[in-house]
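Here is a short report on helix packing and aromatic contacts. Please look over the structure first.

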Amino acid sequence: MKKYRGKKGPKIAAFMLCLLFATAAAVGGAVSLACIEVGYYQGEATTDIKNRFFEKTYATYALKAFRAGKENNYNIENAGNYEFAILKGNVTSKAELKDKSKYIASNFSAGFPKEYSLDTYRIGDHMRYNISETYLDGSYYSHETVYDDVEVEELVYEKESECFYAKADGKYYDITSYVYDTGEDETYTINGKTFQLDDITVCDALYEDTEWEDVKSIQFSEDENEEEILTVNVPVEDTSIKEYTVVSSVAPVIKEDPTDLIYQAAQAYALSQIASLAGPICLIVGGVLAVVFFVILMCLSGYHESEVPSNIETYQAKKVDEGVYLQRRGLDRIPMDVNLLFVITGIETCVCALIVSLLLCLSWGRLPLIGAALVLVIAAGVFFALLYSMTVASNFKCPKWWKNLFCVMIVTGIIGWFKKIRETSYETGKHMQMKKRIWMMFGLITAGEFFGLFVFASEADGFGVLFFFWFVEKVAFGVILFKLLN
């Protein structure tokens, strides 16, 4: 190893190889963790792992089947790799699942499948769908809240909270979000309608066991006898909701179609199978080789073939062999603690950029781009870490490595400043008395000249000009004397 010290070629080669194998090990570790999450190394059945890959796809196509929200309208276009059967209700018995007479719709090509997935959906008239176009995006549906007008039995004003509540069907609905005013003659106005105090129940506080719900609106309507009644628009159960069971399965032969979600999921499963083998290999082999080249790199760091003259003791070269010098150069001169902050900031920036990119670009079509971005971020992090490790190794080899810490520099500077003050304080004190005497003499002479000017020359012509030049001369003399004394 000694014969390579100071040479740039071996150092660059060790750096690049260490960067390559460390990146491979980190990527292999990330892939292995993903495979652990999927269940490849926990002995899970292949069928379960496959179904997990198809889970989002099943949900997507099942949602497409119900998108119209009407029975006998379950056709799914461009779903050649997806086979399904739809049954009413929540069906779990395999005998019932196989009973074709219970199918609302089905496109099974070769009878009931051996491997299938069951999903239960509650579908009503008030639905919102989000149907993904790529395997990675996922899909979902949600129920919109249904409201109905319910007659108000009682209006309540609670003193403790100073809020109004409407009682309907034995429940209290909060109407404080609506405008109300208190009149001078004990009247209350809610949404433009005025109520007398007799129309409102006033209480100190409602009991804790009261049922509370939000109210969507408060309005007035007329009944059959043309009597004005007060109603609140409250959430009610959606009676249009029906429950369905969907049996989902992959077609026996998967057709190649990049736009098909089943095909995308199958490709992802095939890639994950390869990754489950390649990940641990890259982690182990890359990790071992990275450690080897890292040790070599640390041994070569700090050595140079020539010295660079420096007036600063910390950065001066130390000759260790013929043509080999140990010296802090370039990044090595940056204080190690400051350098560490730069490295951490750089790595955090790369990670944040990756997270933002993933959130903006998460789709099956951009999966290669996402993978490349992940590798680049890991490589950038390893690159910064290796550079910092080289600077640390160089500093530890050089004499008095602690002097290249910013915190130590600050403490050393403060201590040196106090030492300088202490060393000069004695001389300053010794000459202080002499300074006082000189300034006293200067003051007495200036006062005497000032008195003489006013006594003997104040009546003479040109006194103003004479006094001006005398004043300027004294100021200049005072400044020069101050400089000389200090």
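The protein contains eight helices and 20 strands. The model is predicted. Of its 486 residues, 34% count as buried. Take the contacts between residues at least 6 apart in sequence: 64% of them join residues at least 24 apart.

**Helix packing**

Helix H4 spans residues 261-300 and packs with helix H2, residues 46-65. H4 also crosses helix H1, which covers residues 8-38. The table sets out both crossings.

| Helix pair | Angle | Axis distance | Handedness |
|---|---|---|---|
| H2 and H4 | about 155 degrees | 9 Å | right-handed |
| H1 and H4 | roughly 150 degrees | within 6 Å | left-handed |

How do the axes of H1 and H4 run relative to each other? Their crossing angle is roughly 150 degrees. Angles over 145 degrees count as roughly antiparallel, and H1 is therefore roughly antiparallel to H4. The residues of this contact divide into 22 nonpolar, eight polar and one charged.

H2 and H4 pack at about 155 degrees. H2 and H4 are therefore roughly antiparallel to each other as well. On the H2 side, the contact involves Thr 46, Ile 49, Lys 50, Phe 53, Phe 54, Thr 57, Tyr 58, Thr 60 and Tyr 61. They meet Leu 261, Ile 262, Ala 265, Ala 266, Ala 268, Tyr 269 and Ser 272 in H4. By type, the residues of this contact are eleven nonpolar, four polar and one charged.

**Aromatic pairs**

How many aromatic pairs does the structure hold? There are 13. A pair of aromatic rings is described by the distance of the centres and the angle of the planes.

Tyr 82 and Phe 84 form a stacked pair. Their ring centres lie 5.5 Å apart, with 15 degrees between the planes. Are these two residues buried or exposed? Tyr 82 is buried, and Phe 84 is buried too.

Phe 108 and Phe 112 make another pair. Their centres are 6.0 Å apart and their planes stand at 80 degrees, so this pair is edge-to-face. Both Phe 108 and Phe 112 are buried.

Which residues do ring pairs link into a cluster with Tyr 82 and Phe 84? They are Phe 54, Tyr 58 and Tyr 61. Phe 54, Tyr 58 and Tyr 61 also appear among the H2 residues that meet H4. The cluster thus draws on residues of the H2 contact, and Tyr 82 and Phe 84 add their stacked pair.

Definitions and conventions. Residues numbered from 1 in each chain as written. Predicted model: local features only at pLDDT ≥ 70, side-chain atom pairs only at ≥ 80, totals over all residues. Heavy atoms only, no water. Axes fitted to C-alpha atoms, helices over the stretch in contact; angles between N-to-C directions. Helix = DSSP H or I, 4+ residues; strand = E, 2+ residues; numbered from the N terminus. Parallel < 35°, antiparallel > 145°, perpendicular 65-115°, else oblique. Left-handed = near helix turned anticlockwise from the far one by under 90°. Contact = heavy atoms within 4.5 Å. Nonpolar A, V, L, I, M, F, W, Y, C, P; charged D, E, K, R; others polar. Phe/Tyr/Trp six-rings, centres within 6.5 Å; stacked < 30°, edge-to-face > 60°. Buried < 20%, exposed > 50% of the residue type's maximum accessible area, 1.4 Å probe, protein only.
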